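Subject: Handing over a structure

Hello,

I am passing this structure on to you, and I hope you enjoy looking through it. Please open it first and then read my notes below.

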Amino acid sequence: MEIITNMAQKIVVLIFVIYRLISTVGLTVDPDKLLKLSSGGVQLSMDPTDIAKTTVDFGGLSPQLDPMAVMRPSSPSDVANLVQAAYRSTEGFPVSARGHGHSINGQAQAPGGVVIEMSHSPAARHVSRPVPVYSSELEGYYIDVWGGELWIDVLNWTLENGGLAPKSWTDYLYLSVGGTLSNAGISGQAFHHGPQISNVYELDVVTGKGEVVTCSEKKNEELFYGVLGGLGQFGVITRARIALEHAPKRVRWIRVLYSNFTKFTVDQERLISLHGADQSERFDYVEGFVITDDRLINNWRSSFFSPRNPIKISSLGSQVLYCLELTRNYDESTAGTIDQEVEALLKKLEFIPGTVFTTDLPYVDFLDRVHKAELKMRAKNLWEVPHPWLNLFVPASQIAEFDRGVFHGILGNRTSGPILIYPMNKHKWDERSSAVTPNEDIFYLVAFLRSAITDSTEPTQTLDYLTQQNEKILDFCAQSNIKVKQYLPHYETRSEWVQHFGPKWDRFVKLKSEFDPKFILGVGQGIFQPIGSQSSSLFSS
């Protein structure tokens, strides 16, 4: 086996050498003949169709930079063999793991290198999945999953095998496990359970040296916490041990409206302070969104708002409305008390009277709600368009100033997509992870999830307009000294990355030097330049 592995690695390097000869001196050779020699080792495709697919992501904002090849691994050893080949190669080449392609700014690209298709590989479609396991040491259930597995598939499998589900979610489930754990993974449950990176017990990681390392809080903990929120800089996650809980059967989904921002945020912050209360005395999910556009309140996720009786922002006496979004989970044993418990909780909130909208639905349907909206948008050809998203963590002490300057200032009354806003408890985030949050006990996610319509006749829906508006928002924060942190960050200079990571930067550089010393991994993030590039160093320019 060792002989086969070494041979496969040499073949990968040979392919790259030949590729570069082809591009520089015009040498003619059929790479497929070489690929056939890699039996038992790395499986690569140089098919132009496969390559083209990896250059496009959900954001649609970055130049399409071709990798030399695409890999669909059958096992963690395939990933390790590839990275070892890159690490041991004199020339070297970048390697990036790609999940479902939901990045915004080309973060999963590997120009001139290899993109590992983690979610479209034989390993992600394996027939024999592990079943959930109960651990007396952890006092709960867990499941081991492939890093390229989609969360929707994890959910369906754990429900089928014990009625279990992961504790913490993202709003959209067609994302890979490794992808969200490399960032944080947040939704309305984060105030209670923390982000997804706070709900993983163990990882298998292929480092930038091609070593397969099992890590956890108690074993190789430096790598474990570095990889969580580490933007793919220190290793490729091939296995994650995810915390599970018993899944509820149904959800009471509630929305209430506010015209007063202070009342809105006071209520949100009070609700997340109940994270330790008995379930009957708190909600299970707390989010919210900003409405400055009548079209959004009546069309986006419009099951709450009847088209026969559309809500007008102006009719509620405000240019901006704020919608508080809540859920309570329940099953047969608690169905008889759900009405009274929800009513008691709502009585303590200061929303606009008469603006309570509720619906009941199965738990799975609630978790998969964004996918249903996706299908509707795809039917209208509005999904595969540029998405100039901007996600910010805003300190709670400065959220009112942000509201005045952005929601009541920069945005205007046309927003081209939902704007989420909800608070989280910092103590639910492990500071040992690489994820970066504001230095306050409570901070808000403000997510501008806009879509640019290429052929729109309305200037406010164009990519240029929305991109410039994002820049104005960031400029306003800088000028007002609002200490935001980007979630799913995108920067172009070393100084910006240093500022982003703050006190965590020195450790981040140290981990890069230790686990990916040739800067092979995650080059699409733009944090470090790969060896061999003109600006190669520990820092981007």
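Here is what was found, starting with confidence and moving on to one strand.

This is a predicted model, in which local features need pLDDT of at least 70, side-chain atom pairs count only at pLDDT 80 or more, and totals for chains, interfaces and linings use all residues. Residues are numbered from 1 along each chain as its sequence is written, and side-chain values use heavy atoms, with hydrogens and water left out.

The protein chain has a mean pLDDT (the predictor's confidence in each residue, from 0 to 100) of 88, and 85% of its residues reach 70 or more. In residues 21-41 the pLDDT falls below 50, and this stretch has 20 contacts (heavy atoms within 4.5 Å) in the model beyond near neighbours in sequence. Residues 298-303 are also below 50, with 12 such contacts.

Now have a look at strand 13, residues 321-330. Strands here are DSSP runs of E, at least two residues long, numbered from the N terminus. 10 of the 10 residues of strand 13 are buried (under 20% relative accessible area, 1.4 Å probe, protein chains only), so this strand is largely enclosed by the rest of the structure. Both of its faces are covered, with Leu321 among the buried residues on one side and Tyr322 among those on the other.

Strand 13 has antiparallel partners (strands pair if DSSP finds at least two bridges between them). Strand 11, residues 250-258, joins it through 9 bridges, and Arg252 stands opposite Arg328. Strand 12, residues 285-291, pairs with strand 13 over 7 bridges, where Val290 has Tyr322 as its bridge partner.

Best wishes

Methods
Buried means under 20% relative accessible area, exposed over 50%, partly exposed in between (1.4 Å probe, protein chains only). Helices (H or I, at least four residues) and strands (E, at least two) are DSSP runs, numbered from the N terminus.
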